[in-house]
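Visitor: Good afternoon. I am new to this one and would like to be taken through it step by step. Could you put it on the screen, please?
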Amino acid sequence: MKFIEQDIRGVYVIEPVKFGDARGYFSEVFKLEEFQEHIGPVKFVQDNESVSSRGVLRGLHFQGGEWSQAKLVRVSQGRVIDVVVDLRRESSTFGKHLMVALSADNGRQLFIPRRFAHGFVVLSETAQFQYKVDNVYAPQSEHTLRFDDPQLAIEWPIAASEMLLSPKDLKGQSLTELMQDNII
């Protein structure tokens, strides 16, 4: 696997090697020793999966405090644009975002450290999205950063009018509101 650190410290795109022939391909998608050699110690405790249709935007979600989660995400069917936002106040990239195309075809994965908001929008007819997390789901500490916060200036690849969002995601707070409420 190839580990490529991004412009935001601690975020990595991981490109697996595919071994293919007329039958298809084989690829390692996670190898603990190699992962820890490049990224460091992370103990994943849960695997999650979602299936979504074109235009679904999930995010930008994060858990605060002791319930913060690091994630390793990938798409096993379809195609998405994945977005992460740095919520580490002490970071030189605080409030900055990164967009990565993840698809079953490119096989890329994205490692997202703790204290980042995360979301994705589906570009294919459907997408199967899988992620490992290093902390359990804690609804009492879950928060949503507004996907269309002007301060973030995220240029989503589809218009907001074409997006399908949950009521929770539509009620997300701006970065300024999350700071004022001492959530980040």
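Visitor: What percentage of the residues in the protein chain is buried?
Guide: In this predicted model, 49% of the 184 residues in the protein chain are buried.

Visitor: And how many helices and strands are there in the chain?
Guide: The protein chain has three helices and 13 strands. Its radius of gyration is 16 Å, close to the 16 Å that the globule rule gives for 184 residues, so the chain is as compact as a globular protein of that length.

Visitor: What box do the C-alpha atoms fill?
Guide: Taken along the principal axes, the box is roughly 55 × 40 × 30 Å.

Visitor: What about contacts: what share joins residues 24 or more positions apart?
Guide: Among the contacts in the protein chain with a separation of 6 or more, 79% are between residues 24 or more positions apart.

Visitor: And the surface, what does the accessible area come to?
Guide: The accessible surface of the protein chain is about 9,600 Å². Carbon and sulfur atoms account for 49% of that surface.

Visitor: Let us turn to pockets. What is the volume of the largest pocket?
Guide: The largest pocket has a volume of about 410 Å³. Its lining is made of 27 residues, and those nearest its centre are His61, Lys71, Tyr131, Glu142 and Lys168.

Visitor: Which elements give two or more residues to that lining?
Guide: Strands β5 (46-53), β6 (57-63), β11 (116-122) and β12 (126-133) do, together with helix α2 (167-170). The most comes from β6, which gives six residues to the lining of the largest pocket.

Visitor: How does the lining of the largest pocket divide by class?
Guide: Eleven of its residues are nonpolar, eleven are polar and five are charged.

Visitor: Moving on to enclosed spaces, how many cavities of 30 Å³ or more are there?
Guide: The count is two cavities of 30 Å³ or more. The largest cavity holds about 70 Å³ of space, and the second largest holds about 40 Å³.

Visitor: Which residues line the largest cavity?
Guide: Its lining consists of His61, Phe62, Gln63, Ser68, Gln69, Lys71, Ile112, Pro113, Arg115, Phe116 and His118. Strands β6 and β11 each supply at least two residues of this lining, and the largest share, three residues, comes from β6. His61 and Lys71 appear here, and both are also among the residues nearest the centre of the largest pocket.

Visitor: And how does that cavity's lining divide by class?
Guide: The lining of the largest cavity has four nonpolar, five polar and two charged residues.

Visitor: What lines the second largest cavity?
Guide: The second largest cavity is lined by Met1, Phe3, Ile14, Val29, Phe30, Lys31, Phe35, Leu72 and Gln109. Seven residues of this lining are nonpolar, one is polar and one is charged.

Visitor: You mentioned Arg115. Where in the chain does it lie?
Guide: Arg115 lies in the loop between β10 (109-112) and β11. Its phi is near 70 degrees, a positive value in a residue other than glycine.

Visitor: Why does Arg115 count as partly exposed?
Guide: Its relative accessible area is 39%. Partly exposed covers values between the limit for buried, under 20%, and the limit for exposed, over 50%, so Arg115 falls in that class.

Visitor: Which residue in the segment after α3 also has a positive phi?
Guide: That is Asn182, with phi near 55 degrees, in the segment after α3 (175-180). Asn182 is exposed, with a relative accessible area of 65%.

Visitor: Back to the backbone: which two residues does a cis peptide bond join?
Guide: The cis peptide bond joins Gly59 and Leu60, with omega about 5 degrees. Leu60 lies in strand β6, the strand that gives the most to the lining of the largest pocket.

Visitor: One last residue, Ala101. Which strand holds it?
Guide: Ala101 lies in strand β9 (residues 97-103). At 34% relative accessibility, Ala101 is partly exposed.

Visitor: What does Ala101 contact beyond its neighbours within four places in sequence?
Guide: Ala101 is in contact with Val80, Ile81, Asn106 and Arg108. In addition, its C-alpha atom is separated by 9.7 Å from that of Val75, which is 26 residues apart from Ala101 along the chain.

Key:
Residues numbered from 1 in each chain as written. Predicted model: local features only at pLDDT ≥ 70, side-chain atom pairs only at ≥ 80, totals over all residues. Heavy atoms only, no water. 1 Å grid on protein atoms, 1.4 Å probe; cavity = no way out; pocket = protein on both sides within 12 Å on 5 of 7 lines; lining within 4 Å. Points joined across faces, edges and corners; volume = space filled by probe spheres on them. Helix = DSSP H or I, 4+ residues; strand = E, 2+ residues; numbered from the N terminus. Nonpolar A, V, L, I, M, F, W, Y, C, P; charged D, E, K, R; others polar. Rg over C-alpha atoms; globule rule 2.2 N^0.38 Å. Buried < 20%, exposed > 50% of the residue type's maximum accessible area, 1.4 Å probe, protein only. Contact = heavy atoms within 4.5 Å. Areas by Shrake-Rupley, 256 points an atom, 1.4 Å probe, with all protein chains shown as cover.
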